[in-house]
Amino acid sequence: MKCDCDRITVNKGGIKEHYDNCRSTWNELHPGKPFPKNADGTIKLLNNHLQELDVDVLYHLGLDTHNYDLPAMFGDVKFVCMGGTKHRMREFAHYMTELLDLPNKGDKIVNLTKHSQRYAMYKVGPVLSISHGIGIPSMTTLLQEVIKLMAYAKAKDPIFFRVGTCGGLNIPAGSVVVSAFGVNGNLEKTYDVPVLGKTRRLPAILDRRLYEEVHSLSSDADQFGTYIGGTMAADDFYRGQARLDGPFCDYSESDKMSFLKSLTNLGVRNIEMEATAFSAFTREAGIRASIVCVTFLDRLQGDQVTHSKTVLTEWQKRPMIVVGRYIAKYCENLKA
Ligand code: R2B
Ligand code: URA
């Protein structure tokens, strides 16, 4: 079957040829798994139970398939960008209106999930910018409803990004990490989720071509380094991330350091709280996805986030700059 990869960073040398969800290589990479897209690139939901629903209520988004014309509202979305906080994702939406020179730049941007109150979702041009809260359960609740939203809206080949914050390993605070894979708290490259009383272990792999493309857009003129590396997703900010400064701690500083060392030996460059599940679920849905985070500290140097609010606010823009560049390039190619 014919390749259906986007050509966003055209002819960049050394980059893998196809996305993992490319139609032409799907069977090789996912033997025995049905292709989760329709011929036009829209998402095919592989859950037959959904066909029995008269109306599907996307509860946490405050939307449903009966009262809203989802294709009219979201059919042109190409980039779904998520990050922890509502404020940051509103900033990102504003930033994208400027960067893409959209007609609504400078206007107030409306939160589309205002009935639900749980998350915030903004749409500007082809970009959906959504907050997901802290940790895997909060993020996956949102992510799964957004996957359904994109399927119902008939958005074509959407690319998902997580723009986030993290702790770094042996890189200066303020660096950007583009994730190559996720690692769970037991140092396994899987997202482990109990289903009907049994744990499923889903591979936490990210699309190599996409992270190479995103990384290739970093520039020597940037005020920060951009690295590719593995990302540990912890289910806890304190002991789960080998911190010594939580309310509980029964291990020594040398135990902590040897754990962090085993992480670096595995190629892990940063620690946050969603990467495994984000990579596993987007992969299961056949969606191209990438995780781009800024490091707030070097965990080999300490545990507390001590930089000023001004510095941290400035650093939080860095993943947005990197992802924004990618989106701008795509839009530029469309015009050409
Ligand atoms: C990074 O920062 C948050 C915790 O402070 C969490 O959502 C994450 O992954
Ligand atoms: N977010 C995390 O999960 N860990 C950190 O150390 C910093 C931000």
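What follows is a walk through two ligand sites, one helix and two buried residues in a predicted model.

The ligands make a good starting point. Ligand 1 sits in the second largest pocket, and that is also where ligand 2 is found. Around ligand 1 are Ile134, Arg162, Thr165, Phe237, Glu272, Met273 and Glu274. Three of these residues can be picked out for how they meet oxygen atoms of the ligand. Arginine 162 brings a polar side-chain atom to 3.3 Å from an oxygen of ligand 1, and threonine 165 does so at 3.1 Å, again with a polar side-chain atom. With methionine 273 it is the backbone that takes part: one of its polar backbone atoms lies 2.8 Å from an oxygen atom of ligand 1. Taken alone, ligand 1 would expose 270 Å², and the protein buries 81% of that.

Turning to ligand 2, the surrounding residues are Thr165, Cys166, Gly167, Phe237, Gln241, Arg243, Ile271, Glu272, Met273 and Leu297. Some names come up for both ligands, among them Thr165, Phe237, Glu272 and Met273. The polar pairs here involve oxygen as well as nitrogen atoms of the ligand. A polar backbone atom of glycine 167 is 3.5 Å from an oxygen atom of ligand 2, while glutamine 241 has a polar side-chain atom 2.9 Å from a nitrogen atom of ligand 2. Arginine 243 also joins in, with an N or O atom of its side chain 2.7 Å from an oxygen atom of ligand 2. Taken alone, ligand 2 exposes 240 Å², of which the protein buries 92%. Two elements, S6 and strand S11 (268–272), each give two or more residues to the shell around ligand 2. S6 supplies the largest share, with three residues.

Strand S6 turns up again next to helix H5. This helix, residues 208–216, is mostly covered, with seven of its nine residues buried. Those seven are Arg209, Leu210, Tyr211, Glu212, Glu213, Val214 and Ser216. The cover over them includes strand S6 (159–168), S7, strand S10 (226–233), strand S12 (288–298) and helix H8 (309–335). At the start of H5, aspartate 207 reaches over with a side-chain oxygen to within 3.1 Å of the backbone nitrogen of arginine 209.

Strand S7, part of that cover, spans residues 176–183 and holds phenylalanine 181. Phenylalanine 181 counts as buried because its relative accessibility is 14%, below the 20% cut-off. Leaving out residues up to four places away in sequence, phenylalanine 181 touches Lys189, Ala204, Leu206, Gly229, Gly230, Thr231, Leu266, Gly267 and Val268. As for isoleucine 327, it is 146 residues from phenylalanine 181 along the chain, and the C-alpha atoms of the pair are 22 Å apart.

The last stop is threonine 42, in the loop between helix H1 (26–29) and strand S1 (57–58). Is this loop residue buried or exposed? Threonine 42 has a relative accessibility of 5%, so it counts as buried. Its side chain makes a polar contact with the side chain of aspartate 40, at 2.6 Å. Setting aside neighbours within four places in sequence, threonine 42 is in contact with Pro36, Lys37, Lys154, Ala155 and Lys156.

Conventions:
Residues numbered from 1 in each chain as written. Chains lettered and ligands numbered in written order. Predicted model: local features only at pLDDT ≥ 70, side-chain atom pairs only at ≥ 80, totals over all residues. Heavy atoms only, no water. Helix = DSSP H or I, 4+ residues; strand = E, 2+ residues; numbered from the N terminus. Buried < 20%, exposed > 50% of the residue type's maximum accessible area, 1.4 Å probe, protein only. Contact = heavy atoms within 4.5 Å. Near = heavy atom within 4 Å. Polar contact = N/O pair within 3.5 Å; in protein donor to acceptor, adjacent residues only side chain to side chain. Areas by Shrake-Rupley, 256 points an atom, 1.4 Å probe, with all protein chains shown as cover. 1 Å grid on protein atoms, 1.4 Å probe; cavity = no way out; pocket = protein on both sides within 12 Å on 5 of 7 lines; lining within 4 Å. Sits in = over half its atoms within 2 Å of the grid points.
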